[in-house]
Amino acid sequence: MDLADLAHCLPSGDQERVRTLVVQALGQGLEPLDVLNRGLIPGMDLVGRKFQAGEFYIPHLLLAARAMHAALDVLRPVLAETGARAAAAVVLGTVAGDLHDIGKNLVKIMLEGKGFEVRDIGIDAAPEKFVEAVDEEVKVVGLSALLSTTAPRLGDTLEALDKAGLLNRVKAMVGGGAVTQAYADKIGADGYGPDAVTAADLALKLAGLA
Ligand code: B1M
């Protein structure tokens, strides 16, 4: 099966068809990460380009997101298969004002694949919510932002963690479409993950486990 077919199917929002294509791809022995990186993520990019071009509206985005979640339900168990368990927890959330969760959920799957316990605080998470979720077991806090308007909330959240005296014992990792390495450096984050796979490896390093 050609993964470009999967990418082109995602914008249709037909979750049953998308799910079937993912099952077929895995059944043919394709690597789960290839299904994600060469099928589903290019599919979401296509959705974004259509939205930018004015061909798609919000309902199209929502349908595509639903189809993406259906595909991730199939991929999650195979992506999360792992050997060793890491003895640490990660707090993970999408920052205040931002409702995008597909990327965050992918990061969660990859972190679980590395053995982390993930405290997922969801979307539109205020700085205090990140602060409250940190306990003794938490070594890394992960913040996702997809919008240029919500990127400043990353810095606000880091500030809140700092004010609560937590940044001397947890590391902060940022990512999402609105973030770059330069931006992460500017706000004083400990690390930036351009994608979910890199983010999970980075979390291991930040937690002192790699
Ligand atoms: Co929105 N949206 N959206 N949207 N949406 C984008 C992000 C946009 C780029 C589309 C576009 O114009 N081309 C644009 C942002 C432009 C900007 O600010 N620069 C945009 C806009 C404008 C908006 C609204 C403002 C639209 C409106 O209302 N007029 C609105 C805002 C709502 C809000 O949040 N307050 C809005 C709403 C929505 C929906 C709710 C309809 C829906 C989200 C549904 C959901 O998530 N459950 C949606 C969608 C689906 C998209 C696109 C099409 C797809 C996002 C996505 O899931 N990508 C998106 C265009 C695009 O990204 N191509 C778009 C796939 C996902 C796997 O990638 O999340 O980047 P991503 O995650 C990657 C990496 O970034 C990284 O790992 C992931 C995979 O490797 N990563 C991390 C992510 N988090 C990380 C954290 C880390 C490390 C790595 O460490 C902690």
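Start by selecting Asp201: with a relative accessible area of 31%, this residue is partly exposed. Keep in mind throughout the tour that the model in your viewer is predicted.

**Stop 1: from Asp201 to Lys114**

Now add Lys114 to the selection. Asp201 and Lys114 form a salt bridge, and their closest N and O atoms are 3.1 Å apart. Asp201 belongs to helix H9, while Lys114 sits in the loop between H5 and strand S2 (117-125), so this pair ties together parts that are 87 residues apart in sequence. Lys114 is partly exposed too, at a relative accessible area of 32%.

**Stop 2: pairs within a helix**

How many salt bridges does the structure hold? The count is 11, and the next two to visit each stay inside one helix.

Select Arg38 and Asp34. Their salt bridge has its closest N and O atoms 3.9 Å apart. If you are using a cut-off of your own in the viewer, note that the limit applied here is 4 Å, so this pair at 3.9 Å is counted. Arg38 and Asp34 are 4 residues apart in helix H3, which means about one helical turn separates them. Arg38 is partly exposed at 47% relative accessibility, and Asp34 is partly exposed at 27%.

Next, go to helix H7 (residues 152-163), where you will find Arg153 and Asp156, 3 residues apart, or about one turn of the helix. Here the closest N and O atoms of the salt bridge are 2.7 Å apart. Both partners are partly exposed: Arg153 has 29% relative accessibility and Asp156 has 31%.

From there, select Glu117, Arg119, Asp135 and Glu137 together. Salt bridges with shared partners join these four residues into one network.

**Stop 3: the largest pocket**

Time to look at empty space. The largest pocket holds about 1,300 Å³. To find its centre, select Met44, His100, Ile102, Gly103 and Leu146, which are the closest to that centre among the 41 lining residues.

Which element gives the largest share of the lining? Colour H3 (32-52) and you have it: this helix supplies 9 residues of the lining. To see more of the surroundings, also show helix H4 (58-79), helix H5 (102-113) and helix H9 (196-206), along with strand S3 (138-144), strand S4 (171-175) and strand S5 (191-193); each of them supplies at least two lining residues. Two of these helices already featured in the tour: H3 carries the Arg38 and Asp34 pair, and H9 carries Asp201.

Now try colouring the lining by residue class. You will get 26 nonpolar, 11 polar and 4 charged residues.

**Stop 4: a nonpolar patch on the surface**

Switch to a surface view and select Phe51, Ile58 and Leu62. Together they make a nonpolar surface patch of about 300 Å². Ile58 is in helix H4 and counts as partly exposed, at 48% relative accessibility.

**Stop 5: inside, by way of Met68 and Gly93**

Stay with helix H4 and select Met68, which lies in this helix as well. Is Met68 buried or exposed? Its relative accessibility is 1%, so Met68 counts as buried. Measure from its C-alpha to that of Leu40 and you should read 7.1 Å, although the two residues are 28 apart in sequence.

Gly93, in strand S1 (residues 89-95), is another buried residue, with 0% relative accessibility. Draw a C-alpha to C-alpha distance between Gly93 and Leu72: it comes to 18 Å, for a sequence separation of 21 residues.

**Stop 6: two last residues**

Select Asp124 in strand S2 and check its backbone angles. Phi is near 50° here, a positive value in a residue other than glycine. Asp124 is partly exposed, with a relative accessible area of 42%.

Finish at Gln181 in helix H8 (residues 181-186). Gln181 is partly exposed, at a relative accessible area of 39%. For one more distance, take Gln181 and Gly193: they are 12 residues apart in sequence, and their C-alpha atoms are 8.1 Å apart in space.

Notes: Residues are numbered from 1 along each chain as its sequence is written. This is a predicted model: local features need pLDDT of at least 70, side-chain atom pairs count only at pLDDT 80 or more; totals for chains, interfaces and linings use all residues. Side-chain values use heavy atoms; hydrogens and water are left out. On a 1 Å grid over the protein atoms alone, a cavity is a set of points where a 1.4 Å probe fits but cannot get out, and a pocket is an open set with protein on both sides within 12 Å along at least five of seven lines; lining residues have an atom within 4 Å of a point. Grid points are joined across faces, edges and corners, and a volume is the space filled by probe spheres set on the points. Ala, Val, Leu, Ile, Met, Phe, Trp, Tyr, Cys and Pro count as nonpolar, Asp, Glu, Lys and Arg as charged, and the others, Gly among them, as polar. Patches are made of residues with over 30% relative accessible area and no salt bridge: like charges are joined within 9 Å, nonpolar side chains (Val, Leu, Ile, Met, Phe, Trp, Tyr) within 5 Å. Accessible areas come from the Shrake-Rupley method with a 1.4 Å probe; for residues, only the protein chains shown count as cover. A salt bridge is a side-chain nitrogen of Lys or Arg within 4 Å of a carboxyl oxygen of Asp or Glu. Buried means under 20% relative accessible area, exposed over 50%, partly exposed in between (1.4 Å probe, protein chains only).
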